[in-house]
Amino acid sequence: MSTPNNRLTTSWGAPVGDNQNSLTAGARGPTLIQDVHLLEKLAHFNRERVPERVVHAKGAGAHGYFEVTNDLSAHTKASFLSEVGKRTPMFIRFSTVAGELGSADTVRDPRGFAVKFYTEEGNYDLVGNNTPVFFIRDAIKFPDFIHTQKRHPQTHLKNPNAVWDFWSLSPESLHQVTILMSDRGIPATLRHMHGFGSHTFKWVNAEGEAVWVKYHFKTNQGIKNLDVDLAAKLAGENPDYHTEDLFNAIAAGDFPSWTLYVQIMPVEDANTYRFDPFDVTKVWSQKDYPLIEVGQMVLNRNPENYFAEVEQATFSPGSFVPGIEASPDKMLQGRLFAYSDAHRYRVGPNHNTLPINRPQSEVNHYQRDGAMRADGNGGGSVYYEPNSFGGPSQSPQHKIAAYEVSGSADSVAYDHDDHYTQAGDLYRLMSEEERARLVRNIVGAMKPVEKDEIKLRQIAHFYKADPEYGERVAEGLGLAASHGV
Ligand code: HEM
């Protein structure tokens, strides 16, 4: 229903007589509480913000579709992957990690790569990054790690002491630190970077047989990175550079796309593979487990409204669909809790009913009420289970695939404690120019660290990855000769 003559109304729909002058007792008298329209405007304005995401606060989103190009139904019964040519609508949100909502896009940081597939069997969220690994591998370390990336409690400044203290005391971070400090640490645009599910997930086929998988979205635009000096200049001149680039490309019909591949590992290999396949600080060699194409993701529509679609978008690594399940990765297990908890706090208990988050398939459950319920709330339908009134019921064929567990309940570290081989392999893969830039970036980032003890501890890790790597960083920091590293 449209308002006649584009008439301005109050939030309760009544025509507004004056939206420029508030109601006062006489021309110079005090403002009247009777001006309810004024009160409502001021009060609503005070509540325009929801809390920003505690991490990944700055982001840009786009709509698109995913199209299957290779039939992998032998490995997963996920209906959206069931046949070549099948298209599923999706929404993606890219982000930086550490900065606040208004922070600059072109900083050195991992980029979030969160994809929501609106499948016919519910929403499937793949909440990944532009890196295949992560800094830590147990959820219990996440709040401490993120504290080091955020501001100092007294100075409110970024704190390189905390960053390198934590990394040097958490050597499992070395692989991801090497990626972050390399050219890929500052992508040229959001279109010119890969995306990864990072964790290992489980695929289950119609026969109930399982495999372990890792996801790789390869950019069809090619990888491009920003020169550090240009990135610093852009951070000042156009802090929204990546956001703008994505919006303008899509608006101009230059639709970015990615090819999705998976690596597939037979379940039994997990017991013998030379790295723990559930350790998110490690990659699986593509020689051992080659990339297998799945389909194309194309972004072809900008959001109509940033707040409604991007700020209120809620992704959870726990939103699976039949045929895709969690693995025992200790980080992933923690994330299964953290996201929906964050959403209930940040957006509200009914965040799943908002248009951007609502499944495009039918939703039938016995959850009722809660703040801001806007979807009819189940009407008069049966509101408990079990019941004798034909309410929705479970489908046992959609139980997760059973798997055996053994051992004692205990706090146990990952078996494989080799933090150095994969970081060193990555260093050795780089050209001389890439190594020089990597070392320059690390030296620049570590210079402000006050304690030599922290720098030396970190240099020892670089050294163990590759002696040349360690020596060059030590030299750049002026610590080589004096400490014999
Ligand atoms: C135990 C480890 C982790 C915890 C506890 C955690 C927690 C969180 C939380 C609370 C948010 C904010 C959610 C919101 O307010 O909407 C978030 C956002 C995000 N996280 Fe994590 N995270 C973890 C590890 C990771 C890893 C390993 C990745 C990537 C592989 C990742 C990727 C993302 C992305 C992409 C977002 C932004 C989602 C969006 O665009 O809305 N996180 N994380």
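The questions and answers below walk through a predicted model, from its annotated sites to its strands and helices.

Trainee: Which residues does the UniProt domain annotation cover?
Mentor: The entry is unreviewed, and its label is "domain: Catalase core". That span is 21% helix and 19% strand, with its end C-alpha atoms 45 Å apart. UniProt lists it as residues 9–393.

Trainee: Which protein atom is the donor of the iron atom of the ligand?
Mentor: Start from the record: UniProt, in an unreviewed entry, places a "binding site" at Tyr339. That residue lies in helix α8, residues 330–346. In the model, the only protein donor of the iron sits 1.8 Å from the metal, and it is Tyr339 (OH).

Trainee: Is Tyr339 buried, partly exposed or exposed?
Mentor: Buried means under 20% relative accessible area, and exposed means over 50%. Tyr339 has 23% relative accessibility, so it counts as partly exposed.

Trainee: Which residues does Tyr339 contact, leaving aside neighbours within four places in sequence?
Mentor: Tyr339 belongs to helix α8. Set aside the neighbours within four places in sequence. The contacts left are Val127, Phe315, Ser316 and Pro317.

Trainee: Which residues carry the "active site" annotation, and how far apart can their C-alpha atoms be?
Mentor: UniProt's unreviewed entry gives that label to His56 and Asn129. They span 74 residues in sequence, yet they gather at one spot, because no two of their C-alpha atoms are more than 10.5 Å apart.

Trainee: Where is His56, and is it buried or exposed?
Mentor: His56 is found in the loop between α1 (36–46) and β1. The cut-off for buried is under 20% relative accessible area. His56 has 19% relative accessibility, so it counts as buried.

Trainee: Which residues does His56 touch beyond four places in sequence?
Mentor: One of them is Asn129, which shares the "active site" annotation with His56. The full list is Arg93, Ser95, Thr96, Val97, Gly112 and Asn129.

Trainee: How many bridges join β1 to β2, and how many join β2 to β3?
Mentor: Both pairings run antiparallel. In β1 (residues 59–68), Tyr65 stands opposite Pro89 of β2. On the β3 side (residues 111–119), Phe91 has Lys116 as its bridge partner. The count for β1 with β2 is nine, and for β2 with β3 it is seven.

Trainee: Why is strand β2 described as largely enclosed?
Mentor: Strand β2 covers residues 87–96. It is largely enclosed by the rest of the structure because eight of its 10 residues are buried.

Trainee: At what angle do α2 and α3 cross, and which residues make the contact?
Mentor: Helix α2 is residues 142–149, and helix α3 is residues 160–169. Their axes come within 7 Å and cross at roughly 145°. The contact residues are Asp144, Phe145, Thr148 and Gln149 of α2, with Ala162, Val163, Phe166 and Trp167 of α3.

Trainee: How do the residues of that contact divide by class?
Mentor: The contact in question is that of α2 with α3. Its residues are five nonpolar, two polar and one charged.

Trainee: Which helices do the buried residues of α3 pack against?
Mentor: Those residues are Asn161, Val163, Trp164, Phe166, Trp167 and Ser168. They pack against α2, α4, α10 (432–446) and α11 (452–465).

Trainee: What is the relative accessible area of Gln176?
Mentor: Gln176 lies in helix α4. Its contacts beyond four places in sequence are Pro110, Thr131, Val133, Phe134 and Phe135. Gln176 is buried, and the relative accessible area is 0%.

Trainee: How far is Ser182 from Arg440 in space?
Mentor: Ser182 lies in the loop between α4 (174–181) and β5 (195–196). It counts as buried, at 9% relative accessibility. Its contacts beyond four places in sequence include Leu438 and Asn441. Ser182 and Arg440 are 258 residues apart in sequence, but C-alpha to C-alpha the spacing is 9.5 Å.

Trainee: At what angle do α11 and α12 cross, and how does their contact divide by class?
Mentor: Helix α12 is residues 467–476, and its axis comes within 5 Å of that of α11. The residues that meet include Phe462 and Tyr463 in α11 and Tyr469 and Val473 in α12. The crossing is roughly 150°, and the contact has eight nonpolar, one polar and one charged residues.

Key: Residues are numbered from 1 along each chain as its sequence is written. This is a predicted model: local features need pLDDT of at least 70, side-chain atom pairs count only at pLDDT 80 or more; totals for chains, interfaces and linings use all residues. Side-chain values use heavy atoms; hydrogens and water are left out. UniProt positions are given in the numbering used here, feature names are shortened, and annotations may be inferred rather than shown by experiment. Helices (H or I, at least four residues) and strands (E, at least two) are DSSP runs, numbered from the N terminus. Buried means under 20% relative accessible area, exposed over 50%, partly exposed in between (1.4 Å probe, protein chains only). Contact means heavy atoms within 4.5 Å. Donors are N, O and S atoms within 2.8 Å of the metal (3.2 Å for Na, K and Ca); water is not among the atoms, so sites may look incomplete. Axes are lines fitted to C-alpha atoms, for helices over the stretch in contact, and angles run from 0 to 180 degrees between N-to-C directions. Ala, Val, Leu, Ile, Met, Phe, Trp, Tyr, Cys and Pro count as nonpolar, Asp, Glu, Lys and Arg as charged, and the others, Gly among them, as polar. Two strands pair if DSSP finds at least two bridges between them.
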